[in-house]
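Student: I have a structure open and would like to practise reading it. Could we go through it together?

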Amino acid sequence: MIQYLKVRPLPDVLEGWRQKIERIASGLGLDFFDTRFEMVSYDKMSEIASYGGFPTRYPHWRFGMEYERLSKSHTYGLSKIYELVINNDPCYAYLLEGNEFVDQKLVMAHVYGHADFFKHNFWFSRTNRRMLDTMANHATRIRRYQDLYGVTVVEEFIDVCLSLENLIDLHSPYRPKNTEKDDRPKGDLPDELIGDVDSLPRLQAKEYMDEYVNPENFMEQQRKKQKDETDKQTKFPVSAQRDVMLFLMQEAPLTRWQRNVLGIVRDEAYYFAPQGMTKILNEGWASYWHTHMMTRTGIMEGSEVIDYADRHSRCTVMHKGRLNPYKLGIELFRHIEERWNLGRFGKDYEECSDMAERANWNRQTGLGREKIFEVRKHHNDITFLDEYLTPEFCAEHKLFTFGHNARANEWQIASREFKEVKTKLLTQLTNMGQPVIEVDDANFNNRSELLLTHRHDGVDLDVSYGQATLQNLYRLWKRPVHIATSKGDRPTLLSFDGKDHSEAEFDQSA
Amino acid sequence: MRIRQDHSRFRQIVRGKVRQNLRQYISSGELIGKQGKDRVSIPVPQIDIPRFRFNSQDGGGVGQGEGEPGDSLGPGDQEPGEGEAGEGEGEKALEVDVTLDELAQILGEELQLPRIEPRGEKAVVTERDKYTGIRPVGPNSLRNFKRTYKAALKRSIAMGQYNAKNPVILPIKDDMRYRSWSTVKSPQSNAVVIYMMDVSGSMGDEQKEIVRIESFWINTWLKSQYEGIETRYIVHDATAREVDEHTFFHTRESGGTMISSAYRLAAQILDADYPSADWNIYPFHFSDGDNWSVDDTRACVQLLKDVLIPSSNQFSYGQVESPYGSGQFIKDLKDNFKVGDDECALVCSEIKNKDAIVGSIKEFLGTGR
């Protein structure tokens, strides 16, 4: 038996509460994988949290760095990890030794919310539910590579991979798998036939009408189109590829172990991605349920109310200039529940322009609970906010956008307009706040140099970070690497040729 | 624990023992971070793996709270609200907010500074009342309810009056218990720190910044060692004058340098306000090592020998490297005193740049005097 599977049983009292809370959660309609709780010391908690919730990860210094941060903040009394749960079947969750009962109950209620979310949210549907084992296997593999090739060599290579970790295609797990065949361009023509009129697609017509149905300028267009198609075929990849890591795995000149390590880092990035994509929704959902369970189902004793209120408000407090996903999420869920309970949705409500009527709108539809279950099933943060953030909510919760004022060198509130707040929120969440970068051309300049393209949508890349990343990319590609981006309005090409960085103006269309 | 291995690896990287190429990404920042009210943020070493990412100051974001458009959310280097703890993987620049006391403790641990033993028995004695026990008489305001009740319970059981079905306990006068106190005498030690700085033309902004950081840390440490601490500031070029803290760090004079003027003024201040029998005295002098003349240097040495060193716990001289200074003064001091000798209460330290501050603090405070 592997060591981590031996979960120490909870003390009797807590186990009693656990069973009770589990029953209540199920009774409320939550449905989850079997959830196992373990009580750990703060030190162990810091360790597990540094490993992203897993008992075993491959050896790497960044976990140590995280550990130093967590254990130091714990020692200096700055923060405390209350709750930790991992998306796995069964779910594993950790309770901190020495917390008060009310804390433990709160955490358990919260965890069942997460566990339900993991199981039912669409964006988690493609995640590996045996990740605990997979992570352990990754660890074994990397340890073996370190034995074979040296600790530093492997570690350095992991650093390089991590540097490209955010270059994955967040949506690819949800698309039907492309088969090899579909990638190939259709209608491959032998070279000698290119430009041959007869091979050009033409509209069907009787022979005597052909001249009119397929006039010369139309045929010219067709010829051009076909030529473009063939040009494309000489370009590789045929169309821009978002999953840069996959592309490198397939095409970069790597040894077998390097390819495997890159694959491991990529797998783990995909595993963690849905957690980033549903942060607001997931925390909102869990908080909604812990509040409900704690305050309405008799889990809490009278003497615990103050402590509970303290913990709860600490977790949903809003700081100036900071958006708390717990707060935003729980309030949005409540907002939705209220709207659907009162029937504030649909054509009639949307089109009602009488403010007084809107404010008192109540159709006693009572669909709130059903609706929020539906929301947790289908949405991620972006679609969630896009669909349910209303001007009323925005005003009630005092949301604002902020920006940097370079002259005063300070951050300032920019606007409270609903449209701007929403746009900013969505922009920020798009691609989890990472720049959208694709592999554009693997034979750039016809010298097998690698060209990435940053789809610039108003925010520039950080140049010094970009250059450092290019250096790492070069270590994989082993030929000069470039990234096409913009500085403000000016298209720019950042390049690294193995020795020097350069920066040039760049015309994308050329 | 498994994490120990990763942790020690990380420490090794931070200390530069392995993986030199990663050092460039270590954000150690300045030793001293933002200073709020009695709290400072110190950056914890963090290695940033480079990624393609947005230029943070272009972005901005969404927040929640009161305020009108145009209101400030804080100074511009760091995005407001960064550093939220969360699950999963995420990169955060880390700053730990600590109180000055904790900071001193960390400083002491990191640099392995010895605790200072205050000089002599002559320290001021203060008296303090402390609750130490229980007695049967006293004022009602100091009545100890629990002990009174216990005594009453004991008595009623002993007298056979106690009825478990109707547990009524009535204390009588003999049962009453009161808190009692005694007066403790504890020695209180006071210290004065006199900062002297050369503000002649050759001391640039960078040099002053170094002095500012260094004196902040020295203050933090000494404050943790003494209950009462006073600071006095002297600036000098060819003449010396006493200034307040702000002026000390922000004036810029020009002209020549006569160090003896500052030493003379320091001696006067000590003579007037701080008799060495009652005070622990710490003069610090920072300059770029340029002095006007050999005669003046001789006067300095004389002042140090006769007045300053004998009355001080330790006299510290820090020499900041500047492009204009000759750096001669430290050599003169070393020629005239047995610097580095245990008996000699003069400590000299050369501070080449900001990175050298830590080392120099250790030189100054590592003696435990």
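Tutor: Gladly! Keep in mind that this is a predicted model. In chain A, α5(A) and α6(A) are oblique to each other, and that is a nice place to begin.

Student: Why do α5(A) and α6(A) count as oblique?

Tutor: Helix α5 (residues 131-149) and helix α6 (residues 151-163) of chain A have axes 6 Å apart and pack at an angle of about 130°. Angles over 145 degrees would be roughly antiparallel, and 65 to 115 would be roughly perpendicular. The angle of this pair fits neither range, so the two helices are called oblique.

Student: Which residues in α5(A) meet α6(A), and how do the residues of the contact divide?

Tutor: On the α6(A) side you will find A:Val151, A:Val153, A:Val154, A:Glu155 and A:Ile158. Facing them from α5(A) are A:Ile142, A:Tyr145, A:Gln146 and A:Tyr149. Sorted by type, the residues of this contact are seven nonpolar, one polar and one charged.

Student: Is A:Ser287 buried or exposed, and which residues does it touch?

Tutor: A:Ser287 sits in helix α12 (residues 279-296) of chain A. Buried means under 20% relative accessible area, so A:Ser287 at 0% counts as buried. Leaving out residues up to four places away in sequence, the ones A:Ser287 touches are A:His110, A:Tyr326 and A:Ile330.

Student: Where is A:Thr430 found, and how far is its C-alpha atom from that of A:Asp381?

Tutor: Look in the loop between α20 (418-429) and β6 (437-444) of chain A. With a relative accessible area of 35%, A:Thr430 is partly exposed. A:Asp381 is 49 residues away along the chain, and the two C-alpha atoms are separated by 9.3 Å.

Student: What about cysteines: are A:Cys161 and A:Cys394 buried or exposed, and how many disulfides does the structure hold?

Tutor: A:Cys161 has 0% relative accessibility, so it counts as buried. A:Cys394 is buried too, at 3%. A disulfide is a covalent bond between the sulfur atoms of two cysteines. Over all chains, the number of disulfides is zero.

Student: Turning to chain B, what percentage of its contacts between residues at least 6 apart in sequence join residues at least 24 apart?

Tutor: Chain B has 10 helices and 12 strands. Of its 369 residues, 45% count as buried, and its accessible surface is about 19,500 Å², with 47% belonging to carbon and sulfur atoms. Among chain B contacts between residues at least 6 apart in sequence, the share joining residues at least 24 apart is 75%.

Notes. Residues are numbered from 1 along each chain as its sequence is written. Chains are lettered from A and ligands numbered from 1 in the order in which they are written. This is a predicted model: local features need pLDDT of at least 70, side-chain atom pairs count only at pLDDT 80 or more; totals for chains, interfaces and linings use all residues. Side-chain values use heavy atoms; hydrogens and water are left out. Axes are lines fitted to C-alpha atoms, for helices over the stretch in contact, and angles run from 0 to 180 degrees between N-to-C directions. Helices (H or I, at least four residues) and strands (E, at least two) are DSSP runs, numbered from the N terminus. Angles under 35 degrees count as roughly parallel, over 145 as roughly antiparallel, 65 to 115 as roughly perpendicular and the rest as oblique. Contact means heavy atoms within 4.5 Å. Ala, Val, Leu, Ile, Met, Phe, Trp, Tyr, Cys and Pro count as nonpolar, Asp, Glu, Lys and Arg as charged, and the others, Gly among them, as polar. A disulfide is a pair of cysteine sulfur atoms within 2.5 Å. Buried means under 20% relative accessible area, exposed over 50%, partly exposed in between (1.4 Å probe, protein chains only). Accessible areas come from the Shrake-Rupley method with a 1.4 Å probe; for residues, only the protein chains shown count as cover.
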